[in-house]
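Let's take a walk through this one together, starting from what a core is and working out towards the rings. Keep the viewer open as you read.

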Amino acid sequence: HAKKCSGGWSPHAQCTSSFSYRGKTYHGCTTVDFGDQGWCSPDSTFRDKYLECSPCDDKPECAGGWMPHPQCVSTFSYKGTAYRGCPTVDFGSQGWCSPDSTFR
């Protein structure tokens, strides 16, 4: 089954869905105090045991490796055709996306 990703990280299977660490509640993974490595806790309150999270990409992949702008919708209509992500139609090899469900 697909990994659940949040903030670019997929929690270890043995981690709880949320945990408390230094007075703050985290859901899934965090990188707090671990540099750029995502981690999670197997306990609802952190008890000096953590598990590393796996990096993942929760953004939709676009044509030619293009990634959509955060303000774009995942699917949209352009000239009567439905597109997902970043098509290159009418813009050469440049990937583009739409902030609206119908590109105008």
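A nonpolar core, as used here, is a set of buried Ala, Val, Leu, Ile, Met, Phe, Trp, Tyr and Cys residues joined through side-chain atoms within 4.5 Å. Keep in mind that what you're looking at is a predicted model.

With that in hand, go and find the core. The largest nonpolar core has 11 residues in all: Trp9, Cys15, Phe19, Tyr21, Tyr26, Cys29, Trp39, Cys40, Phe46, Leu51 and Cys53. Strands β2 and β4 each put at least two residues into this core.

Now zoom out to the fold. The protein chain has 8 strands and 0 helices, so written from the N terminus on, its elements simply read β-β-β-β-β-β-β-β. Of the 104 residues in the protein chain, 30% are buried. As for the outside, the protein chain exposes about 7000 Å², with carbon and sulfur atoms supplying 49% of that area. If you like contact maps, here's a handy figure: among contacts in the protein chain with a separation of 6 or more, 41% are between residues 24 or more positions apart.

Back to the side chains, and to the rings in particular. The structure holds 15 aromatic pairs. Take Tyr21 and Phe46: their ring centres sit 5.0 Å apart with the planes at 85°, and since anything over 60 degrees counts as edge-to-face, that's what this pair is. The two partners come from distant parts of the chain, 25 residues apart: Tyr21 belongs to strand β2 (residues 18-21), while Phe46 is in the loop between β4 (39-40) and β5 (51-52). Tyr21 has a relative accessible area of 8%, so it counts as buried, the cut-off being under 20%.

A second edge-to-face pair joins Phe34 and Tyr50, at 4.6 Å centre to centre and 65° between the planes. Phe34 lies in the loop between β3 (24-27) and β4, and Tyr50 in the loop between β4 and β5, so this pair ties together parts that are 16 residues apart in sequence. How covered are these two rings' residues, buried or partly exposed? Phe34 comes out at 25% relative accessibility, which makes it partly exposed, and Tyr50, at 38%, is partly exposed too.

Finally, put the two pairs into context. Ring pairs link Phe19, Tyr21, Tyr26, Phe34, Trp39, Phe46 and Tyr50 into a cluster. Look back at the core and you'll meet several of these names again, including Phe19, Tyr21, Tyr26, Trp39 and Phe46.

Definitions and conventions: Residues numbered from 1 in each chain as written. Predicted model: local features only at pLDDT ≥ 70, side-chain atom pairs only at ≥ 80, totals over all residues. Heavy atoms only, no water. Helix = DSSP H or I, 4+ residues; strand = E, 2+ residues; numbered from the N terminus. Buried < 20%, exposed > 50% of the residue type's maximum accessible area, 1.4 Å probe, protein only. Contact = heavy atoms within 4.5 Å. Areas by Shrake-Rupley, 256 points an atom, 1.4 Å probe, with all protein chains shown as cover. Phe/Tyr/Trp six-rings, centres within 6.5 Å; stacked < 30°, edge-to-face > 60°.
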